[in-house]
Amino acid sequence: NQNLEEETPNIQTQATKILFIKLGAIGDVIRTTPLLEKYKKEYNNCHFSWITHTPEVLPNNEIDVIYKWDAPSIQFLSNQEFDIAINLDKDKEACMLLSYIDATDKFGFIWEDGHINIATDKAEHKLITGLFDHISKKNTLNYLEEIFDICHFEFNKEEYMINLNEDLSNKWKEKFKTLAKGKTIIGLNTGCGLRWKTRLWPSEYWVELIKNLEQQGYFCLLMGGPDEDEMNKFYESETNATYLGAFSLEEFISITNNTDIIVTPVSMMMHIALALKKQLMLFHNIFNVHAFELYGRGIIIEPTSGCDCYFGNSCSREKSCMKDISVKDVLTNIAVLNKNLEK
């Protein structure tokens, strides 16, 4: 007689098919990835699909199929069946796609009767805070708590995920052995893109900060994209900081992975640093400070006088509120992060 194990066929439990629609800014795509961990905990056997404008940042070892937003992908997904479909973007195209998708359960924002609507009541809070600044200012939930709530979950510090090219990262690790000579590497992300220039810290402050950090024995690495190239070349000429140039997103992530501490305004870099579990010092002024989850690895520094240009790219004040963030205070906070590295 054969035993029961031999007689019973090994039937694989059917995977729960889950689609994420998250198109937007690169940082927003990265900070949606903690939901992957949560769904795996809740459903165990998941098949993940994700459509986005920036597939290169998504962890391809965690997601089964990643689609770049284009007509063939949209057509293909519109003819698939899913158990769960989630759209966390409030733009028309993403909402319309969720309305076309065949899914048993839908979460987030959908297109109905010619306008954006909510797929379930849980999305109403995020919709309203996105529409009205005076309500947004009163919000005390961080972004992850909000999107987890939209999906009918509770956020429990699930971590960011990101696509890291390990071979490229190791290549830079070897280069930094020569460049940094064992010093603590501090990545200085000097810009914040073109949309909200009110986040920029004054250039003379950056120069003073770099000179102080050099005296304290840090290896200062200037970082940024093409928009910051000219600015970073200026800082390099005024200090002994190292500027390696502007890189592809894949290489930028690999370089960031070899830093110890990141100093940055609210930007894509903040999300990359969090995904790579770096110590982070974050300049903050024009957003709701409650929105950010730093996982106990970061410090937020704000203008002492506050900031009255909420989500603004210009300010009526004669003096930018960012001038209220002193070099001394930044250095003090960096010292705290450096101690955290030793723990």
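Axes here are lines fitted to C-alpha atoms, for helices over the stretch in contact, and the angles between their N-to-C directions run from 0 to 180 degrees. In this predicted model, helix H12 (residues 249-256) lies across strand E7 (185-189), strand E8 (219-223) and strand E10 (261-265), and runs at about 160° to E8. Helix H14 (residues 327-341) lies across E7, E10, E11 and E12, with an angle of about 160° to E11.

**The six-stranded sheet**

The strands crossed by these helices belong to an open sheet of 6 strands, in the order E9-E8-E7-E10-E11-E12, with parallel pairing. Its edges are formed by strand E9 (242-243) and E12, each of which pairs on one side only. On the E12 side, the pairing with E11 is parallel and extends over 4 bridges, and within it Leu280 stands opposite Gly298 in E12.

**Strands E1, E2 and E3**

Elsewhere in the chain, strand E2 (46-52) follows helix H3 (34-43), and the loop between them holds Asn45. E1 and E2 run parallel and are joined by 6 bridges, among which Thr16 has Cys46 in E2 as its bridge partner. Asn45 also lies by this pairing in space, since its C-alpha atom is separated by 6.3 Å from that of Thr16, although the two residues are 29 apart along the chain.E2 pairs as well with strand E3 (residues 65-68), again in the parallel sense, over 4 bridges, and here Thr52 stands opposite Lys68 in E3. E2 is mostly covered, as 6 of its 7 residues are buried. Asn45, by contrast, has a relative accessibility of 22%, and because buried means under 20%, this residue counts as partly exposed.

**Salt bridges**

The structure holds 12 salt bridges. Three that link distant parts of the chain are set out below.

| Pair | Closest N to O distance | Separation along the chain |
|---|---|---|
| Lys22 and Asp89 | 2.5 Å | 67 residues |
| Lys122 and Asp149 | 3.4 Å | 27 residues |
| Glu159 and Arg297 | 3.0 Å | 138 residues |

In the pair formed by Lys22 and Asp89, Lys22 sits in the loop between strand E1 (16-21) and helix H2 (26-30), whereas Asp89 sits in the loop between strand E4 (81-87) and helix H5 (92-100). Lys22 counts as buried because its relative accessibility is 3%, and Asp89 counts as buried because its value is 5%.

The side chains of Lys122 and Asp149 also meet in a salt bridge, with Lys122 in the loop between strand E6 (115-118) and helix H6 (124-131) and Asp149 in helix H8 (residues 143-150). Here Lys122 is partly exposed, with a relative accessible area of 37%, and Asp149 is likewise partly exposed, at 27%.

Glu159 forms a salt bridge with Arg297, and this pair connects the loop between H8 and helix H9 (166-180), where Glu159 is placed, to the loop between strand E11 (279-283) and strand E12 (298-301), where Arg297 is placed. Arg297 has a relative accessibility of 12% and therefore counts as buried.

Beyond these pairs, Glu37, Lys38, Lys41 and Glu158 are linked in a network of salt bridges.

Notes:
Residues are numbered from 1 along each chain as its sequence is written. This is a predicted model: local features need pLDDT of at least 70, side-chain atom pairs count only at pLDDT 80 or more; totals for chains, interfaces and linings use all residues. Side-chain values use heavy atoms; hydrogens and water are left out. Helices (H or I, at least four residues) and strands (E, at least two) are DSSP runs, numbered from the N terminus. Buried means under 20% relative accessible area, exposed over 50%, partly exposed in between (1.4 Å probe, protein chains only). A salt bridge is a side-chain nitrogen of Lys or Arg within 4 Å of a carboxyl oxygen of Asp or Glu. Two strands pair if DSSP finds at least two bridges between them. Contact means heavy atoms within 4.5 Å.
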